[in-house]
Each structure stands twice: as structure tokens, then as C-alpha cells.
Amino acid sequence: MISYLPRYIFNFFFFILIQVLVLNNIQFSGFVNPYLYVLFIITLPFETPGWLLLVLGFVTGISVDIFSNTIGMHASAAVFMAFLRPYVLRAFAPREEYQPGTIPIMNHYGFSWFFRYAFILVLAHHLFLFYVEVFSLTHFFSTLWRVIASSAFTMLLIIVSQLFSRGKSRGR
Amino acid sequence: MRNFIRFIIKHHFVILFVIIELISILFVVNYNAYQRSVFLSSSNRVSAGMYGTFSEGAEYLMLRQINKELAQENAYLRSRLPESFKASKDYFQLVFDSLSQQEYVYRAAKVINNSTNKRFNYITLNKGANNGIEPEMGVISSRGVVGIVKNVSDNYSTVISVLNTRMKVSARLKESGFFGALEWHGGAYQYAYLREIPRHANVNVGDVIETSGYSSIFPGGILIGTVQEVDLQTGESFYEIKVKLSVDYKNLSYVEVIGHPLKVEQINLEKETIND
């Protein structure tokens, strides 16, 4: 797994920079905003210990927070997503279990598996983020609409970025 | 004891999650306190410095437009302020308001970070305490009110934008002088709402909304926007007025920070009066 280390260090900085310098300035139809940086946590190796997942989630979230003046919001949402990840992975495990030497990316496990797996986590992250941001249920449906629209946008970017990602295809 | 440790080891994932999540939520709830700690906000040297570099790069691509805006702003200021004079080469002007003898100081600053899509939007400026900027100063652009300075570090400052649901601006109708509070409710960045205008006031679509000058932050008469829709529910005693903001918040480049050296005197006098 150590061979993946440079890849993840690069991913970390790359996704945060893309997020704060480019994506935070994209506002599709006013207030829909994609959050691509969650892909860093989604694609961490299967063997990542739980505590490291949570810590990395927190660090990623708080880094984005510092740049967007929203201390705690992205951090709490990213930690929540990192917490759900092992359970989602277990629920979606293929019959022959996850192969050693593979990571949860589209090239290794195919489009439909990756889409379902990433979509659940993205939806959880966005739900948490937008409701924490509003911090009340008064605008319940308008917030829900933002969650759905932003999730769709984020998923689109995730799928596109996966098409460019490196990693030998397993042809599962 | 051993059972307790075994319990912790067995459930360390959930326990750690709860702890980190509580810390994060604490950050969110104590948001204003943490805003004040300049270290974590975007006044922070590293992130603000990086934004500065990035915006310098992006600026080259927008030079033509910025030049045009500056030229317009210059012409506008020159026509409006025949009695103003330049105090330093840093585009720093003292303006004497001949009606009230109040004195306002305008300092130009550049916007290096800005957002319009959140519920709490903030703007970062490239000037700070070294340039005489202090918290609670008003910020305007050539087209109207932008926000109020919140935090200041040596070289940068953050501004609460009008597009922030925690922000209220004291505003009045230019024609009739009735005043109320202008708030933004999230959503579209072009529109805000004016409250507390009583129903006997005469409000028409297209009326000009400007600052009231009652807050000691903004001088009176600075443009905010125009009335877009007027709504009066039956049985309500106040109008609900939708205001089209005159400033295009997506397109801010240079702004002016308003200093009011006599503010302390005014506030102290008002406090004394209340205490009497």
C-alpha cells in the first residue's frame, strides 16, 4: 500500500486547491456548488484504519473551511462521511471480497459499483453540510433541493475526474 | 477497568468519530468566536497571501474591465466631490460634508476573495491595520453598499458582505425618508428585502433605496438598490419590499473603506444620553 502514498499526497493538495481556487467560484444557477474534495476520502485504500480515516476527513474538511470562512462546517461533514465509509464499503462488498492491491476507484471496480458507492457518500456529505450550514429546519425543502442539485453536480465531476484517473483496469 | 479498556478498544472507531464530530460542531456553534480568531479565518497570512497571489494572476486577465471601472469611478468621484482633495499618493481622500460638518475618510482596497453562494458570505480585502482599516468600518463600491469590516490583520481584512443572513443595514426610501432594515435571505444574490416600512408610506416599484446614515457606519445617502416588488399582506402593518441591489457582488474588484473619525464621539454621546 505504501506505493500509493505519493498518489494520495498529490491527491490531497490537488483536490483542495481545485476546490478553493476553482470550484468555490462556480455557482451554477446561483447557489449550487460542487464539492469535489470529498473524492480524496472516497478513494482512500480499503486497508486505511478507521482512526486515520476520521483524522484525514477532519484535516481535509478543516483545510477547505479555512479557505472558505466556514470553520467547522466542511470538517464535520467530511468526518461524518469518513465515519460512514466503512459501513458503505461493507454493504457493497462484491461476492469475492475486495482484492488486495486494489483501491476503491472506477478503474478497479467498474462504473456501477463506484457510482453507487460514491453517490451514497456524496449524498450523506452534502445533506450534513447543507443542513449544518442552515442550522435549522425552517428552509427544509429549499435546502433539500440544494443538496440534490449539488450532489448531482459533484457526482458528475467525480465521474469525469475518475475517467482521467490512473490505475490499471482490472476488467471486473 | 480491563473491561472498560476492552470496550474502548473495541468501539474506538465510533468513540473517535463522536469526539471529532463534537469538536467540529463546537467550531460551528462558536462560529463567531472563531471568526474573531484571525488565525483560522482567511485573514490568516498563509491563505490570504495565497489568495493575493492568485488574484494578482487573475487580475491580468481582467485589466481592461478594471481600467474601465476605475475610470468610471474616477469620473464619478470627481463630479461628486469638487471640494475633496488628495491627502497622499495612496488615493486617500478627506471629504468634508458641508451640511453636517461630519468628516469621512475613504480608502481604496482591492477585493482578493469573495463569495455569493453561501448563506454567510464574506469578502477579503488586501488592506489591514497597517493601512488604517479598523473593524466596524463601512465598505462601499462605486455602485453602492458592499458590507462592514469584521476582522483586521496587519495587511488584510475580512468584510461581512450584505449577502450574509447575519447582516442588517439601516436603509431608507430616498423619496419619502421612511427607514427600515435591509436583510438578505439567501438564494439569489441580486435581491434583498427591506422591512419595517409602515403601510401609510407610499412605495412604488423603481424607488431608490439608500443608506439612512443612522448607524454611524455608513454616511447617509449611499445607494443600496431599487424597489423591485412591493408586497402588502392584508392585516400587516408593514410592507415587504423586494430590493434589487445596485452592486453586482459577483463582479467586485475595487472597493472603498469608509472611516469615520468622529464615530467614537458620536457613540459615547449616544451612550451617555441613554444612561441619563
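Helices (H or I, at least four residues) and strands (E, at least two) are DSSP runs, numbered from the N terminus. Residues are numbered from 1 along each chain as its sequence is written, while chains are lettered from A and ligands numbered from 1 in the order in which they are written. The model is predicted, so local features need pLDDT of at least 70 and side-chain atom pairs count only at pLDDT 80 or more, whereas totals for chains, interfaces and linings use all residues.

**Exercise 1. Place B:Glu136 and B:Glu196, and describe their backbone and surroundings.**

Step 1: Find the loops. B:Glu136 sits in the loop between β4 (120-125) and β5 (138-141) of chain B. B:Glu196 belongs to the loop between β10 (191-195) and β11 (208-211) of chain B.

Step 2: Look at phi. Most residues other than glycine have a negative phi. For B:Glu136, phi is near 75°, a positive value. For B:Glu196, phi is near 70°, also a positive value.

Step 3: Judge the burial. A residue is buried if 20 or more other C-beta atoms lie within 10 Å of its own, exposed if 12 or fewer, and partly exposed in between, with C-beta atoms placed from the backbone. B:Glu136 is partly exposed because it has 14 other C-beta atoms within 10 Å. B:Glu196 has 15 of them within 10 Å, so B:Glu196 is partly exposed.

**Exercise 2. Describe the make-up of each chain.**

Step 1: Count the elements. Chain A has seven helices and zero strands. In chain B there are six helices and 14 strands.

Step 2: Check the burial. Of the 172 residues in chain A, 37% are buried. Of the 276 residues in chain B, the buried share is 31%.

Step 3: See how far apart in sequence the partners are. Two residues are in contact if their C-beta atoms, placed from the backbone, lie within 7 Å. Taking contacts in chain A with a separation of 6 or more, 70% are between residues 24 or more positions apart. For chain B, 56% of the contacts between residues at least 6 apart join residues at least 24 apart.

**Exercise 3. Work out which parts of chain A touch chain B.**

Step 1: Start with the totals. The contacts bring together 26 residues of chain A and 27 residues of chain B.

Step 2: Name the helices. At least two residues each come from α3 (50-68), α4 (73-91) and α6 (111-134) of chain A. The most are given by α3(A), with seven residues.

Step 3: Sort this side of chain A by residue type. It holds 15 nonpolar, 10 polar and one charged. Here Ala, Val, Leu, Ile, Met, Phe, Trp, Tyr, Cys and Pro count as nonpolar, Asp, Glu, Lys and Arg as charged, and the others, Gly among them, as polar.

**Exercise 4. Compare the spans of α4(A) and α6(A) with expectation, then find their packing partners.**

Step 1: Check the spans. The expected span of a helix is 1.5 Å times one less than its number of residues. For the 19 residues of α4(A) this gives 27 Å, and the end C-alpha atoms are 27 Å apart, which agrees. The 24 residues of α6(A) reach 33 Å from first C-alpha to last, close to the expected 34 Å.

Step 2: Look for irregular spots. α4(A) has a kink of about 35° at A:Arg85, shortly before the proline A:Pro86; the bend at a residue is the angle between axes fitted to the seven residues ending there and the seven starting there. Just after α6(A), A:Phe135 has a positive phi of about 60°.

Step 3: Follow the buried residues. Those of α4(A), including A:Ala77, A:Phe80 and A:Arg85, pack against α2, α3 and α6 of chain A together with α2 of chain B. Those of α6(A), including A:Phe114, A:Leu121 and A:Val132, pack against α2 (39-42), α4, α5 and α7 (140-163) of chain A together with α2 (12-29) of chain B.

**Exercise 5. Explore the largest nonpolar core.**

Step 1: Define and locate. A nonpolar core is a set of buried Ala, Val, Leu, Ile, Met, Phe, Trp, Tyr and Cys residues joined through C-beta atoms within 7 Å. The largest has 46 residues, of which B:Val139, B:Val146, B:Val159 and B:Val243 touch the most other members.

Step 2: Trace the sources. Strand β6 (residues 144-152) of chain B supplies the largest share, five residues.

Step 3: Look beyond. Apart from this core lies another, of 41 residues, with A:Leu54, A:Ala77, A:Ala82 and A:Val132 among them.
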